[in-house]
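Got the viewer open? Here's a walk through the model, one selection at a time.

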Amino acid sequence: MEALSKFLTGLSYWWIILGFLAIMVGLYFLFNSIQRTKPVKAQLLCLCGMDLVTLLFFLLTFNLRVSKLAAEAGATPRTMPRLWALLMLLASIGAFFAIIRKDANPDEKFNRWGFALLVGVGSIFSVIMFQYIGYYLSSAIFIVVVMLAMGEKNKLQLILVPVVWCVFTYFVFYKLLFIKLPFGSLFSWLIK
Amino acid sequence: MGTIFSNLGMGFSTIASVQSVLFILLGVVVGILGGAIPGISPSMAVALLLPITYSLSPITAMVMLMGIYIGANYGGSITAVAINTPGTPSATVTAFDGYPMLKNGRAGEAMGISLWASTIGGIIGALILIFFSVPLSRVALKFWPSEYFALCIMGLTTVATLGGKNWQKALVTCLFGLLLNTMGLDPTFGIKRFTFGVTKLFDGFEMVPVLIGLFALGEVLNNLEHFDPKKKVERETVDYKLPKIKYYWKLKFSILRAGLIGCLIGIFPGAGGTIASFLAYDVEKRASKHPEEFGHGAPEGVAAAEASNSGSVGGAMVPLLTLGIPGSSTAAVLLSALMIHNLNPGPKLFTEQPALVYGLFASMFVANVLMVLVGTYGAKLWVRVGYIKKTILYPLIFAFAILGSYSIKKSMFDVGTCLAFGLIGWMFKKFHFPASPLVLGLVLGKLIETNYVQTLMVTGPVGFVQRPLTVILFVISIAALAYPIISAKIKAKKQAKTE
């Protein structure tokens with residue numbers, strides 16, 4: 001167990017995320033192939049996602065350093081994560097049977113989940129762009145793009161909303177609260 | 001008793017000047033605005049205005065900072081109701097019923113209840129502070145780590161009612177929150193846990209981005225999923241009229257109970273308004289004749305959440321003024337403010353500076369009254385958020401969430417945290433995993449671990465059953481956890497029999 005823990009500790013988190021996604025895909029196909037679990041596969045995947053994280057944490061506890069003082073006290077840095085992991089396992093078994101019960105609610109159907117996800121990805125892209133084009137321009141572009149994607153056609157509103165937002169954030173956060181929002185490398189010469 | 005009244009009279013005369021009232025008003029306004037902006041916590045709002053007080057007299061400085069503290073505790077509820085984004089962690093519980101009320105076209109009611117419950121809760125806290133501060137602080141000091149641990153476990157039992165029908169899922173999300181809370185440095189031994197080489201994770205997850213992500217972004221992503229651009233966007237009609245004062249009378253017991261719970265929890269250092277609001281909400285749900293309405297727009301839910309977190313302000317001041325121990329992070333900033341003005345909190349403060357102490361007490365009443373005035377007009381503006389077109393509102397909430405998460409530590413990592421928890425919140429909402437128990441786990445995790453380890457170090461495992469109060473708290477916890485589950489099962493069986 002300790003060897004596995006050491007191996008996991010040495011892995012980059014990108015590998016861990018990749019492994020997590022691979023297992024989730026595998027579980028998706030598994031749940032989809034069983035009659036009983038098919039209508040509730042998304043709920044089960046949510047549950048398994050949390051359980052996978054729990055399992056990872058549990059395994060990682062084997063590589064946590066334990067000081068002599070902690071060992072003498074009987075409560076080490078490993079104690080609480082393991083306790084929660086154990087209780088999580090028990091609670092998950094209960095939740096699993098509650099989800100697959102015959103009278104339980106089936107999964108809610110996905111509507112325009114791709115659109116919602118795209119907005120989420122757009123926000124990540126907007127955050128990445130902070131360091132290049134700055135907070136103000138990046139957030140203004142993000143607001144306009146989402147408004148357009150949602151079908152907004154009023155040109156005045158498409159211009160006014162991002163402008164008012166930028167003015168508001170500049171005065172309230174930058175001037176009043178002294179929270180320096182990134183100007184971006186492209187415009188950094190302006191404040192030098 | 002007579003001395004207290006005469007001292008209070010002296011306190012009111014100390015702050016009975018236009019200058020003092022104006023500074024309290026300024027504090028309340030700044031506090032409400034700060035509380036309403038996600039990312040600006042009450043402690044941050046007080047800290048931001050601390051430099052302004054250097055040139056003021058100690059009493060003026062302290063009453064202004066007190067006004068900010070009181071205002072910020074209420075301010076957090078405004079965005080919780082208007083856009084499902086708790087401005088402060090303690091307003092999380094307000095969003096459970098406040099936002100559904102807005103969606104049901106009862107925004108005015110929700111805003112009014114949060115305002116009046118905050119005010120009355122704050123006054124209850126002030127009254128307890130005035131009359132019982134010294135004996136209560138002595139009781140709080142006698143609490144052992146095992147009792148703190150048992151108190152936190154009692155807090156966790158609210159999961160049973162927070163989850164409702166989905167209590168199994170609620171239990172899982174709560175434990176997941178507790179597990180996530182173990183990320184970062186171990187609170188006792190300082191050993192790195194589950195940080196994956198990310199230094200920003202040494203302190204674990206910052207609470208505000210987690211809250212904004214789970215509640216605001218989760219909600220917006222869910223709404224975006226159901227948004228149809230081809231469908232003509234119609235403006236929703238929202239009733240923004242605040243109810244008449246008579247309306248609040250029916251909530252008197254809810255407010256009173258929650259105010260008292262908030263104040264009592266606030267006295268314990270480290271507990272704070274967030275735990276108080278969870279506990280008060282739980283008590284209210286159990287006491288209600290219609291517990292099924294909680295989470296779907298129950299006025300009692302909003303009242304309990306707000307009265308308790310405002311009541312906790314008075315509670316947090318008890319150990320601060322009597323012992324010099326801050327009961328919350330904002331109280332810690334107030335402690336430094338007292339020291340900046342050469343005032344040493346503790347029992348001597350009451351004898352050496354009675355005018356200041358009772359002036360501060362009096363200012364709590366004045367601040368709460370001013371809050372009603374400011375809140376009445378401010379709430380009318382905020383509830384109009386419901387009139388904003390969705391094509392404008394959703395992108396703005398996204399931008400607000402990102403900005404709020406960034407502004408706490410100016411950290412992109414916090415923005416990432418907010419977005420990641422937004423995704424989790426969306427999935428939780430879609431598949432009926434309650435998000436609030438996860439927050440409960442994140443809030444209580446560190447306290448539980450610290451007190452658990454301390455108990456073991458001081459007395460060993462026997463410490464958990466050695467003291468009667470600890471055992472009583474454990475028994476209450478077990479009963480509180482089992483009761484709603486067992487009673488629901490009995491009800492279901494009875495229903496099945498009659499059918």
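Start by colouring the two domains of chain A: their C-alpha centres lie 37 Å apart. Domain 1 runs over 2-100 and domain 2 over 113-191, according to the domain assignment. Keep in mind throughout that this is a predicted model.

**Chain A against chain B**

Next, show the residues where the two chains touch. Chain A puts 57 residues into the contact, and chain B puts in 49. Which elements should you highlight on the chain A side? Those giving two or more residues are α3 (41-60), α4 (68-73), α5 (79-100), α6 (113-149) and α7 (155-176) of chain A. Of these, α6(A) gives the most, with 13 residues. Colour that side by class and you should get 37 nonpolar, 14 polar and six charged residues.

Now zoom in on A:F173, which sits in helix α7 of chain A. Is A:F173 buried or exposed? It is buried, since 21 other C-beta atoms lie within 10 Å and 20 are enough to count as buried. Beyond its sequence neighbours up to four places away, A:F173 touches A:I179 and A:L181, and across in the other chain B:L403 and B:S407.

**The nonpolar core**

Select the largest nonpolar core next; there are 199 residues in it. Where does it lie relative to the chain A domains? Domain 1 (2-100) and domain 2 (113-191) of chain A both contribute residues, so the core lies between them. Still, the largest share, 17 residues, comes from helix α4 (residues 58-83) of chain B.

Centre on B:L65, which together with B:L175 has the most contacts inside the core. With neighbours within four places in sequence set aside, the contacts of B:L65 are B:G27, B:V46, B:L49, B:T53, B:L334 and B:A337.

While you're here, pick B:M44, in helix α3 (residues 42-49) of chain B. B:M44 is buried, as 22 other C-beta atoms lie within 10 Å. For a distance check, draw a line from B:M44 to B:F96: these residues are 52 apart along the chain, and their C-alpha atoms are separated by 25 Å.

**A helix pair in chain B**

Hide everything but helix α10 (residues 207-225) and helix α20 (residues 436-459) of chain B. Their axes come within 11 Å and cross at roughly 175 degrees. α10(B) and α20(B) are therefore roughly antiparallel to each other, the cut-off for that label being over 145 degrees. Turn on side chains and look for the contact: α10(B) supplies B:M207, B:V210, B:L211 and B:L214, while α20(B) supplies B:L438, B:V439 and B:L442. What classes of residue make this contact? Seven are nonpolar, with no polar and no charged residues.

Stay on helix α20 of chain B and slide along to B:T455. B:T455 counts as buried, with 26 C-beta neighbours inside 10 Å. Leaving out neighbours within four places in sequence, the residues to show around B:T455 are B:P145, B:S146, B:F149, B:G463 and B:F464. Add B:K142 as well: that residue is 313 positions from B:T455 in sequence, and 14 Å away in space, C-alpha to C-alpha.

**Two positive phi values**

Most residues other than glycine have a negative phi. Here are two that go the other way.

Go to B:F194, in the loop between β2 (192-193) and α10 of chain B. The phi of B:F194 is near 50 degrees, a positive value in a residue other than glycine. B:F194 is also buried, with 20 other C-beta atoms within 10 Å.

Then jump to B:H432, in the loop between α19 (412-430) and α20 of chain B. Phi is near 60 degrees for B:H432, again positive in a residue other than glycine. How does B:H432 count for burial? It is partly exposed, because it has 19 C-beta neighbours inside 10 Å, whereas a buried residue needs 20 or more.

**Last stop: a loop in chain A**

Finish at A:K38, in the loop between α2 (13-33) and α3 of chain A. A:K38 counts as partly exposed, with 13 C-beta neighbours inside 10 Å. Not counting residues up to four places away in sequence, A:K38 touches A:F31 and A:N32. Bring up A:I100 too: A:K38 and A:I100 are 62 residues apart in sequence and 9.4 Å apart in space, C-alpha to C-alpha.

How values were computed:
Residues are numbered from 1 along each chain as its sequence is written. Chains are lettered from A and ligands numbered from 1 in the order in which they are written. This is a predicted model: local features need pLDDT of at least 70, side-chain atom pairs count only at pLDDT 80 or more; totals for chains, interfaces and linings use all residues. A nonpolar core is a set of buried Ala, Val, Leu, Ile, Met, Phe, Trp, Tyr and Cys residues joined through C-beta atoms within 7 Å. A residue is buried if 20 or more other C-beta atoms lie within 10 Å of its own, exposed if 12 or fewer, and partly exposed in between; C-beta atoms are placed from the backbone. Helices (H or I, at least four residues) and strands (E, at least two) are DSSP runs, numbered from the N terminus. Domain bounds come from an automatic or database domain assignment. Two residues are in contact if their C-beta atoms, placed from the backbone, lie within 7 Å. Axes are lines fitted to C-alpha atoms, for helices over the stretch in contact, and angles run from 0 to 180 degrees between N-to-C directions. Angles under 35 degrees count as roughly parallel, over 145 as roughly antiparallel, 65 to 115 as roughly perpendicular and the rest as oblique. Ala, Val, Leu, Ile, Met, Phe, Trp, Tyr, Cys and Pro count as nonpolar, Asp, Glu, Lys and Arg as charged, and the others, Gly among them, as polar.
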